Amino acid sequence: MKIIVCIKQVPDTKGGVKFNPDGTLDRAAMLAIMNPDDKAGLEAALRLKDEYGAEVTVLTMGLPKAADALREALAMGADKAILVTDRVLGGADTWATSTTIAGAIRNLEYDLIITGRQAIDGDTAQVGPQIAEHLGIPVISYAQDIKIEGDKVVVQRQYDDRYHVLEAQMPCLITALSELNEPRYMTPGGIFDACQAEIITWGRKDLIDVDDSNLGLAGSPTKIAKASDKVRKGAGEKVVPESPEDAVSYIVGKLDEKHVI
């Protein structure tokens, strides 16, 4: 079985957020980590590898420094790593990003594609399903459990306070929740091997069945009108009740006033 895991290097917001003049994130100037949902998806793929002997390929689109996230994935146990990077791909929205990634995946054989549900820098949850649409394969989103039965995948899909059990013929795409599992740590041997491993690098010329008009900032139908690093909030209302009973009465009154209760 061949599994492709799409990962993304995202800004570590603990270190602050920086923007370019056009409103896009200045990723080159920020500390970065592997997106949490994507790491859960990678762990799911590695567990399938442990059980079925699958080959796991990790793929990311980003700046050259996104190779760091790929090496982390290799150190965790992935077999191959592909970086899609090119100046013309910069500033892409979800449509342009999914178009690019699908164009890269068309070079590869796969039974299963796993992506994170969403990235913490955009929170759109759009790229995974869009990739499936570009490739013409089924998608199951919000996976909280994954099993393989023959040539089918059986997924528990999170839904409010319950879950759906869905079955799909492979090849298909699954988007994973960070709650899916607890990702493993890199091993010392894995880190050493990852440092020595080759990162396959592809650019615009390596994308299959992709039109230039759908790439990068110019090919993105959505634009950022305004961006800021923090949303400032007022100090709020400060109340000093005379007793616990007064505090409870005040809180209940506010909840009633806001039609919460």
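**View 1. A salt bridge within helix 6 of the predicted model.** Lys-254 is partly exposed, at 29% relative accessibility. Glu-257 is also partly exposed, at 46%. The two side chains meet in a salt bridge, 3.7 Å from N to O. Both residues belong to helix 6 (residues 244–257). They sit 3 residues apart, about one turn of the helix.

**View 2. The open sheet and its edges.** The sheet has 9 strands and mixed pairing. Its strand order is 9-8-7-10-6-1-4-5-11. Strand 9 (162–169) and strand 11 (200–202) stand at the edges. Each has a single partner strand, so one side of each is left without a neighbour in the sheet. From one strand to the next, the twist averages 30°.

**View 3. The pairing of strands 7 and 8.** Strand 7 covers residues 139–149, and strand 8 covers residues 152–159. They pair in the antiparallel sense, over 6 bridges. Glu-149 stands opposite Lys-152 of strand 8.

**View 4. Helix 3 packed on the sheet.** Helix 3 spans residues 94–105. It touches strand 1 (2–6), strand 4 (55–61), strand 5 (80–84), strand 6 (112–116) and strand 11. The directions of helix 3 and strand 4 make an angle of about 140°.

**View 5. Helix 4 across four strands: 1, 6, 7 and 10.** Helix 4 is formed by residues 127–135. It runs at about 175° to strand 10 (172–176).

**View 6. A salt bridge between strands 4 and 5.** Lys-80 and Glu-55 form a salt bridge, with their closest N and O atoms 3.8 Å apart. Lys-80 lies in strand 5 and Glu-55 in strand 4, so the pair ties together parts 25 residues apart in sequence. Lys-80 is partly exposed, with a relative accessible area of 40%. Glu-55 counts as partly exposed too, at 26%.

**View 7. A salt bridge between two loops.** The side chains of Asp-121 and Lys-8 meet at 3.0 Å, N to O. This pair links distant parts of the chain, 113 residues apart. Asp-121 is in the loop between strand 6 and helix 4. Lys-8 is in the loop between strand 1 and strand 2 (9–11). Asp-121 is partly exposed, with a relative accessible area of 23%. Lys-8 is partly exposed as well, at 27%.

**View 8. A salt-bridge network.** Glu-43, Arg-47, Asp-50 and Arg-184 are linked by salt bridges into a network. The structure holds 16 salt bridges.

Terms used:
Residues are numbered from 1 along each chain as its sequence is written. This is a predicted model: local features need pLDDT of at least 70, side-chain atom pairs count only at pLDDT 80 or more; totals for chains, interfaces and linings use all residues. Side-chain values use heavy atoms; hydrogens and water are left out. Two strands pair if DSSP finds at least two bridges between them. Axes are lines fitted to C-alpha atoms, for helices over the stretch in contact, and angles run from 0 to 180 degrees between N-to-C directions. Contact means heavy atoms within 4.5 Å. A salt bridge is a side-chain nitrogen of Lys or Arg within 4 Å of a carboxyl oxygen of Asp or Glu. Buried means under 20% relative accessible area, exposed over 50%, partly exposed in between (1.4 Å probe, protein chains only).
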